[in-house]
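Dear colleague,

I am handing over the structure we talked about, and below it you will find what turned up when I went through it.

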Amino acid sequence: MVSRVIPVDDFDLVIFGGTGDLARRKILPGLFRRFCSGQMPAQSRIIGAARSELSDAAFRRDIKAALEEFLPKDSFSAKEVKAFLDQLHYVRIDATGTEGWGALKKLVRNDKDTIQAFYFSVAPSLFGDLAERLHTNKIAGPGARIVVEKPFGRDLGSAKKLNSTLRDHFDESQIYRIDHYLGKETVQNLMAVRFGNMLFEPLWNAQYVDHVQITVAETVGVGGRGAYYDKSGAMRDMVQNHLMQLLCLIAMEPPSHFDPDAVRDEKLKVIRALDPPKRDDIVRGQYESATDGKGYLEEVESNDSITESFIAMKLAISNWRWAGVPFYLRTGKRMKARTSEISIVFKETPHSIFDKDSGRHRNILSIRLQPNEGITLGVTIKEPGPGGMRLVDVPLDMTFADALGPEAEGVPDAYERLIMDVIRGNQTLFMRGDEVEAAWSWTDPIIEDWTRRGERPKPYDVGTTGPEDAAVLMHREGRRWLDIKA
Ligand code: NAD
């Protein structure tokens, strides 16, 4: 199988925050991989814009070091690096002042043949300043695109304000709100599996699905991000955006076309159909460590923080398709393994023709986002050999690396794909403003309730699956969480 790489049209991409962590770790290595695959036109330019005083040469040296640090050794040649760096430029800029804007205007092409993209890889407090200055300095043409990073607000009020500030200068069709989970190969494959096969969609409803589980588990703690994280917590940092987006893709009705507004309209309907969860359908946790002195409170240097580093919840979607089907979401830090997985757990057969000893079995469709992206369908078969009809569950495995061989190596990572989608002008995998606001409308009352009551999260030991109560959330209904496996 030969992968098809279609070069994008000529572009100028400005990365505000081009010297920052995200740009060095994800954005520029991603662009470099697209460059190596032949997707980036030779005349296109990437312009780093940040606060540091740097020459083009110094910026290129820094990015060369970043490529060496963040990409696998031997995955590129010195010739490729040099050719890529030649397309890089740098402008020192002050997002809140006047410095650098004249130089940027001179550098960025503003003509009908060049796509302009501006990546806001800076603190969200600067988004408004950047949007305004791009506009007032007449740098951004009518077709320019802006890319904004998470977090998109910290509640409904701030998200609305941010949307309104950006829309003062840019149309919604120009705004690309990144959620990198949506750029993952498996997430797109989820849509291919659901809507490209006759097999699954007829079963994708309350008649056949018992429940859905979405787990995003990390092994890392808050580390150096403690100050930011402590003001945020798992609900704001993970549930409101990433888990909510995954839930929408699983639960949405089939859109009429795979196009941006058709898909986003359906996702929005899911968020609007979410019931407010009951208090006892939510478990919040905070990690503790008896061994390494890096419990949550030590890491955020607080004695009394009530921010959650873990959350498990049972959600209900009030519509015909999902009436009575619980969606269980869980995410946390310092858990036993790093994994992101969605599992659709189907109901048992209505009647078993086999004797009791053969047990009851059910199909589980698991969509694994990381590590080892792939999709597995658990099916029940006869255990081979003599000894009567014994049943066993085996996986029908669609791990990309196995199915596609070396081709899977060339699968772009989330950032690569999303940046190329920006250049192509395809917003399907980006959140629309109303989706973000609807998600905050749903999360705000829950967070306000905890805050009002000063609810303390339940402690859990590092390296586990979270507080015991999270297991109880399932057990009380005769269900259990699937294991968290790396
Ligand atoms: P960072 O602190 O490492 O880098 C910030 C960048 O902004 C630097 O290049 C700095 O020079 C520039 N900058 C700061 N103030 C400026 C000003 N007044 N004018 C011009 N440039 C200025 O931050 P980061 O970790 O790269 O994060 C950037 C954005 O991406 C943030 O919104 C963050 O929430 C988001 N984000 C980061 C990550 C990550 O893994 N780092 C992940 C998801 C989202």
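In this predicted model, F16 of strand β1 stands opposite A49 in strand β2, and F16 also stands opposite F120 in strand β4. The strand that carries F16 therefore has a partner in β2 (residues 45–50), with which β1 pairs in the parallel sense over five bridges, and another in β4 (residues 115–120), to which β1 is joined by six bridges, again running parallel. Together with helix α1 (residues 21–36), β1 and β2 make a right-handed β-α-β unit.

As for its surroundings, six of the six residues of β1 (residues 11–16) are buried, so this strand is largely enclosed by the rest of the structure. Both of its faces are covered, with F11, L13 and I15 buried on one side and D12, V14 and F16 buried on the other.

Turning to the nonpolar cores, the largest has 110 residues, among which F84 and F327 touch the most other members. Helix α9 (residues 233–251) supplies the largest share of this core, namely twelve residues. Because domain 1 (11–149) and domain 2 (182–475) both give residues to it, this core lies between the two domains. If neighbours within four places in sequence are left aside, the residues in contact with F327 are V212, L247, I250, A251, M313, K314, L315, I317 and W322. There is also a second, separate core of 30 residues, which includes I93, F118, F152 and L156.

With best wishes

Terms used:
Residues numbered from 1 in each chain as written. Predicted model: local features only at pLDDT ≥ 70, side-chain atom pairs only at ≥ 80, totals over all residues. Heavy atoms only, no water. Core = buried A, V, L, I, M, F, W, Y, C linked by side-chain atoms within 4.5 Å. Buried < 20%, exposed > 50% of the residue type's maximum accessible area, 1.4 Å probe, protein only. Helix = DSSP H or I, 4+ residues; strand = E, 2+ residues; numbered from the N terminus. Domains from an automatic or database assignment. Contact = heavy atoms within 4.5 Å. Pairing = 2+ DSSP bridges. Right-handed = clockwise from strand over helix to strand, strands pointing away.
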